[in-house]
Amino acid sequence: MESSSSSSSTSDLTAEEFRKKLVSTLDARYFCKSSFKIYGAVAGLNDYGPPGCAVKQNVLAFWRKHFVLEENMLEVDGPCITPAVVFKASGHVDKFTDFMVKDEITGECHRADHLLKDFCTSKLEKDTSTLSEEKVREYKDVLATLDGISLEELGLKIKEYGIVSPTTNNPLSDPYPFNLMFQTSIGPSSMTPGYMRPETAQGIFVNFKDLYYYNGNKLPFAAAQVGQAFRNEISPRQGLLRVREFTLAEIEHFVDPEDKSHPKFSEVADLEFWMFPRNEQLTRKDAVKVRLGDAVTNGTVNNETLGYFIGRVYLFLTRLGINKERLRFRQHLADEMAHYAVDCWDAEIECSYGWIECVGIADRSAYDLRAHSEKSGTPLVAHEKFSATTKVEKLVISPVKKELGREFKGDHKKIIEALEAMDEKEAMEMKAALVLNGEVKFQVCTLEKAFTIKSNMVSISKEVQKEPPRVFTPSVIEPSFGIGRIIYCLFEHSFYTRQNKAGDEHLNVFRFPPAVAPIKCKVFPLVQNPEFEAVAKKISKSLTSSGISNETDATSKSIGKRYAIADELGVPFVITVDNTATVTIRERDSRDQIRVEIGKVACVMQDLIAGVRTLEDTPGITVLSRFRMRFSNLYRLCLKILIPQ
């Protein structure tokens with residue numbers, strides 16, 4: 001059994017040292033690796049190994065539970081290959097670009113804004129003692145406004161700072177736009193151009209009509225899609241953070257543009273977390289803790305529905321294992337926001353690379369549906385519903401064209417237009433005069449003279465009519481999740497080291513929550529013993545039948561070594577078989593242990609993984625702390641009696 005050991009964190013490491021240690025562990029335990037390594041690998045493409053694949057699927061399962069099931073969303077699954085006309089309508093063909101520069105000698109390509117960012121960051125990190133306050137402020141302003149910088153401004157800054165190729169020190173070309181979509185053709189004739197989708201959202205927008213009908217022609221409703229997306233990044237870097245193929249999970253919440261309230265907003269209104277509004281970014285340069293309800297009330301967040309999803313994203317990420325103190329919501333600057341967006345916030349997570357955008361939450365207005373309606377000729381609209389008894393009183397002015405034509409000849413058309421244009425007050429005064437006198441003088445401005453209108457020339461009345469439905473294009477609130485980025489930040493936030501029992505080695509640990517851990521538990525026979533191995537197989541079978549992922553390790557490695565391997569994989573619980581009646585369940589982070597009857601193991605494990613109980617509140621079971629496990633001579637004596645020598 002494992003005894004007590006002191007723990008240490010990775011806080012004494014630099015960001016680069018920490019990242020190197022993490023990446024080495026991810027590679028060693030086959031969480032993820034560069035793709036096609038035997039052929040030299042390709043930048044921006046990665047493979048998930050068995051534990052990484054399990055973490056990814058668990059994150060997606062948790063996402064579906066947290067959003068799709070909780071909000072009764074309609075999930076769809078569209079193709080990755082998309083006809084070019086779809087992205088022409090959405091604006092991607094013309095606008096989905098990054099700015100690129102080329103090495104003028106070798107032709108090597110670099111992303112221009114990344115070079116500018118690296119230059120300013122390097123100056124601020126290394127040369128602060130020699131920089132004037134003005135230069136420090138200038139570099140910080142460049143970094144703060146980099147996402148909204150224009151092509152011309154970018155080129156001027158690169159020349160002003162003398163930025164050259166980072167690999168050769170050669171001069172660079174002027175920046176120019178590069179479309180990030182992978183182009184292809186559909187069919188053997190290559191007559192139908194297409195693209196690999198750079199996002200999944202358009203697959204929802206083009207299906208709005210069917211989704212609206214499926215939902216009973218009712219708003220609001222949300223549709224969701226999880227799938228692969230593809231972007232031909234100019235210079236992919238930072239591991240899983242900037243890649244050419246990645247998984248997106250996107251939600252499109254369709255809502256009446258005149259009513260963006262949310263019935264469940266009160267459930268998240270009291271959440272308080274770090275927010276970085278645009279008016280703070282160029283002044284305070286720091287996020288502030290804000291109550292979400294206050295941010296919506298004072299207009300910092302545009303509307304309740306947008307605020308509701310910001311709150312739900314916060315809960316999702318923190319329950320997933322993201323450190324809430326290293327999570328902030330940054331509002332897009334005015335020149336950074338898409339032209340069609342009403343408001344947009346990014347959930348940014350701090351990691352060794354700095355603050356990384358992992359989720360975008362935007363009010364996209366009605367731009368997308370309108371664009372596809374115009375391009376396709378199919379109206380993507382909704383109808384406001386009224387009850388059968390909803391009626392309105394309307395003014396009805398009916399000129400008698402025959403009488404007006406007979407009396408006024410060529411002027412009658414202008415007179416008819418003027419009569420129909422009367423407001424309610426003027427029309428009702430005319431009606432009263434006609435009833436009283438049979439005629440009335442009527443001034444026609446376009447003809448600059450008055451005419452005598454008689455009661456047989458016009459009918460004026462108020463009629464009660466059924467209100468026709470309002471036809472409108474819905475607005476869209478879109479939370480878009482970069483799953484790979486979230487997973488990488490989860491790796492960083494979960495990773496730490498602690499000393500082994502002897503205190504002479506630092507062991508790697510992933511403190512994944514049970515919901516996303518790649519393996520929920522491992523089953524270890526304490527020693528190689530046929531009886532213990534039979535019990536281990538029985539327990540493993542019961543766990544599998546209960547839907548609990550598990551692995552059995554009956555190797556001759558020491559129990560301490562097997563614990564260390566399990567911790568390095570982030571396995572939250574280990575079941576050690578040390579006799580044929582009861583077993584020990586050990587928790588990864590506290591390393592506390594409990595004794596459980598073999599027949600109750602699966603039931604106890606289900607509760608522990610679901611979080612409905614902890615080791616301490618497991619009824620009828622004794623908790624053996626790692627300190628007691630180390631110093632209890634009685635327990636050691638029992639093990640010697642139970643385990644054959």
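**Figure 1. A buried salt bridge between Glu 71 and Arg 312.** A residue is called buried when its relative accessible area is under 20%. In this predicted model, both Glu 71 and Arg 312 are buried. The two residues form a salt bridge, with their closest N and O atoms 3.3 Å apart. The pair links distant parts of the chain: Glu 71 belongs to the loop between helix H2 (50–69) and strand E3 (74–76), Arg 312 belongs to helix H12, and 241 residues separate them in sequence. Side chains of opposite charge can pair when their charged atoms come close. The structure holds 40 salt bridges, and further examples are shown in the next two views.

**Figure 2. The salt bridges Lys 260–Asp 363 and Arg 326–Glu 350.** Lys 260 and Asp 363 form a salt bridge in which the closest N and O atoms are 2.7 Å apart. Distant parts of the chain are linked by this pair, with Lys 260 in the loop between E11 and strand E12 (272–276) and Asp 363 in strand E16, 103 residues apart. Lys 260 and Asp 363 are both buried. Arg 326 and Glu 350 also meet through their side chains in a salt bridge, at 3.8 Å from N to O. Here Arg 326 lies in the loop between H12 and strand E14 (327–331), while Glu 350 is part of strand E15 (residues 343–351), 24 residues apart. Arg 326 counts as partly exposed because its relative accessibility is 25%; Glu 350, at 30%, is likewise classed as partly exposed.

**Figure 3. The surroundings of Arg 242.** Asp 98, Arg 111, Asp 113, Glu 233 and Arg 242 are joined into one network by salt bridges that share partners. Arg 242 itself is located in the loop between E10 and strand E11 (245–255). With a relative accessible area of 16%, Arg 242 is buried. Apart from neighbours within four places in sequence, the contacts of Arg 242 are Gly 44, Arg 111, His 114, Glu 233, Pro 236, Arg 237 and Arg 485.

**Figure 4. The nonpolar cores.** In soluble globular proteins, nonpolar side chains tend to be buried together. The largest nonpolar core of this model has 77 residues, of which Trp 63, Phe 316, Leu 317, Phe 329, Phe 481 and Phe 491 touch the most other members. Helix H12 (residues 304–320) supplies the largest share of this core, with ten residues. Phe 316 is in contact with Val 59, Phe 62, Trp 63, His 66, Phe 67, Phe 481 and Ile 486, leaving aside its neighbours within four places in sequence. A second, separate core comprises 23 residues, including Cys 521, Phe 532, Ile 548 and Ala 602.

**Figure 5. A nonpolar patch around Tyr 39.** On the surface, Phe 36, Ile 38, Tyr 39 and Val 42 form a nonpolar patch with about 530 Å² of accessible area together. Tyr 39 sits in the loop between strand E1 (32–34) and strand E2 (46–48). The relative accessible area of Tyr 39 is 74%, so this residue is exposed.

**Figure 6. Backbone geometry in two loops.** Most residues other than glycine have a negative phi, and most peptide bonds are trans. Leu 219 and Pro 220 are joined by a cis peptide bond, with omega about -5 degrees. Pro 220 is placed in the loop between helix H9 (208–214) and strand E10 (221–230). The loop between H9 and E10 also holds Asn 217, whose phi is positive, near 55 degrees. Asn 217 is partly exposed, at 30% relative accessibility. Ser 365, in the loop between strand E16 (354–363) and helix H13 (367–376), has a positive phi near 55 degrees. At 17% relative accessibility, Ser 365 is buried.

**Figure 7. Arg 29 and its contacts.** Arg 29 occupies the loop between helix H1 (15–28) and E1. Its relative accessibility of 28% makes Arg 29 partly exposed. Not counting residues up to four places away in sequence, Arg 29 touches Pro 51, Ile 565, Glu 568 and Leu 569.

**Figure 8. Confidence along the chain.** The chain has a mean pLDDT of 88, and 92% of its residues reach 70 or more. For residues 1–7 the pLDDT is below 50, and this stretch has 31 contacts in the model beyond near neighbours in sequence. Residues 626–641 also have a pLDDT below 50, with 25 contacts beyond near neighbours in sequence.

Technical notes:
Residues are numbered from 1 along each chain as its sequence is written. This is a predicted model: local features need pLDDT of at least 70, side-chain atom pairs count only at pLDDT 80 or more; totals for chains, interfaces and linings use all residues. Side-chain values use heavy atoms; hydrogens and water are left out. Patches are made of residues with over 30% relative accessible area and no salt bridge: like charges are joined within 9 Å, nonpolar side chains (Val, Leu, Ile, Met, Phe, Trp, Tyr) within 5 Å. Accessible areas come from the Shrake-Rupley method with a 1.4 Å probe; for residues, only the protein chains shown count as cover. A salt bridge is a side-chain nitrogen of Lys or Arg within 4 Å of a carboxyl oxygen of Asp or Glu. Helices (H or I, at least four residues) and strands (E, at least two) are DSSP runs, numbered from the N terminus. Buried means under 20% relative accessible area, exposed over 50%, partly exposed in between (1.4 Å probe, protein chains only). A nonpolar core is a set of buried Ala, Val, Leu, Ile, Met, Phe, Trp, Tyr and Cys residues joined through side-chain atoms within 4.5 Å. Contact means heavy atoms within 4.5 Å. pLDDT is the predictor's confidence in each residue, from 0 to 100.
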